[in-house]
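Visitor: I'd like a close look at just one part of this one, please. Pick a stretch and walk me through what sits around it.

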Amino acid sequence: MRRLRTTRSIRDLVRENEVGPANLIAPYFIVPGAGKREPIASMPGIDRLSVDLMAQEAAQLQELGLAGVLLFGLPEEKDEIGSSAWDPDGPVQLAVQAIKAAAPELTVVTDVCMCEYTTHGHCGVIGPRGDVDNDETLDLLSRTAISHAAAGADAVAPSDMMDGRVGVLRAALDEEDFTDTAIIAYSAKFASAFYGPFRDAADSAPQPDGHIKEDRRGYQMDPANAREAVREAVLDVEEGADIVMVKPGLPYLDIVRQVRDAVPTPVAVYNVSGEYSMLKAAAASGYLDERSAVAESLLAMRRAGADIIFTYHAKDFASWNQ
Ligand SMILES: [Zn+2]
């Protein structure tokens, strides 16, 4: 086997997978106001940005050849049902417009969920039993997705894990003539400990209060299950998802491969905040070389079958490869 490993050019000739900026989407957290850059303590190198600074950032990302951005919003006000999620002047809606003006080549994806907008931090409306009411939530998700499409988003990405939401969003978008807005479904989103830093970043940790459940295990997937993940992805494709996603990434590469083999659509993977912060901490302590560990991690996700990688390493990785 070593014959094909002897020189760099031979290794290049026989390489099976590659990863580059064109495969990557960078997530961002948008705050209200102007001139705001707020570092996130648990995610070194990642800042929450106001719309104006996001627009400047987007121009740099386009220059670096990155495929796109994924936007999360931190609203001024939260309430029980998360009604600021569909505010046409919300941080995400304004950021979409600003990015489209500053960096028209970038693909703009918006996260569609209620947890950043609800006072209790759950991904939908709370029903009488203290858990999220699936069907009541669908209408709110539709309103949110339509507001993102109206702002100019190329794709909406529902991350709520409500049953039936892809079909409902597709119908709602089509009804409003947003037939070109794609849906990237967080199809297999596991109830993972690796989301910890994100909940700091997006201020979206569930707030247990009286009868309200303290975690999301009632709607996110059990980390023990793989067949169920495939079922989720197949259902989302049937409902009209253009792209399906597996989240988290590195601990779930077996799921990426199984989903890749089961559906005809492109597959995305979300290299989540905990994976990012773990690697940053190890690099800061001198335990790992950051650049090579990031490159190897992203390549592993491509090898597992991901066409698209959502990753906080995107900008760094692209700038190291200039
Ligand atoms: Zn959520």
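Visitor: Take helix α9, residues 273-284: what should its 12 residues span at 1.5 Å a residue, and how far apart are its end C-alpha atoms?

Guide: Keep in mind that this is a predicted model. On the span: at 1.5 Å a residue, α9 should cover 16 Å, and its end C-alpha atoms are 16 Å apart, so the two agree. Now for what is tucked away. In α9, the buried residues are S273, G274, E275, Y276, S277, L279 and K280. Those buried residues pack against α6 (196-202), β9 (267-271) and α10 (290-304). After the helix comes G286, with a positive phi near 80°.

Let's follow the β9 contact. That strand is mostly covered, with five of its five residues buried. Both of its faces are covered: V267, V269 and N271 sit on one side, while A268 and Y270 sit on the other. Strand β9 also has partners. It runs parallel to β8 (residues 243-247), and three bridges join the two; there, V246 stands opposite V269. It runs parallel to β10 (residues 308-311) as well, this time with four bridges, and I308 in β10 is the bridge partner of A268. Between β8 and β9 you can trace helix α8 (residues 253-262), and the three together make a right-handed β-α-β unit.

From β8 and α8 we can step over to helix α7, since both are among the elements that cover its buried residues; α5 (165-175) and β7 (182-189) are also included. The buried set in α7 is A229, E232, A233, D236 and V237. Seen down the helix axis, they fall within an arc of 130°, so they line one face of α7. On the other side, R227 and E238 are exposed. The same span check works here: the 13 residues of α7 (residues 227-239) should cover 18 Å at 1.5 Å a residue, and the end C-alpha atoms are 19 Å apart, which agrees. G240 follows α7, and its phi is positive, near 115°.

One last stop, starting from Y270 in β9. F317 is 47 residues away from Y270 in sequence and 16 Å away in space, C-alpha to C-alpha. F317 belongs to helix α11 (residues 314-320). It counts as buried because 24 other C-beta atoms lie within 10 Å, where the cut-off is 20 or more. Setting aside neighbours within four places in sequence, F317 is in contact with L24, V294 and L298.

Note on methods
Residues are numbered from 1 along each chain as its sequence is written. This is a predicted model: local features need pLDDT of at least 70, side-chain atom pairs count only at pLDDT 80 or more; totals for chains, interfaces and linings use all residues. A residue is buried if 20 or more other C-beta atoms lie within 10 Å of its own, exposed if 12 or fewer, and partly exposed in between; C-beta atoms are placed from the backbone. Two residues are in contact if their C-beta atoms, placed from the backbone, lie within 7 Å. The expected span of a helix is 1.5 Å times one less than its number of residues. Two strands pair if DSSP finds at least two bridges between them. A crossover is right-handed if, with the strands pointing away from the viewer, the path from the first strand over the helix to the second runs clockwise. The arc is that of the directions from the helix axis to the C-beta atoms.
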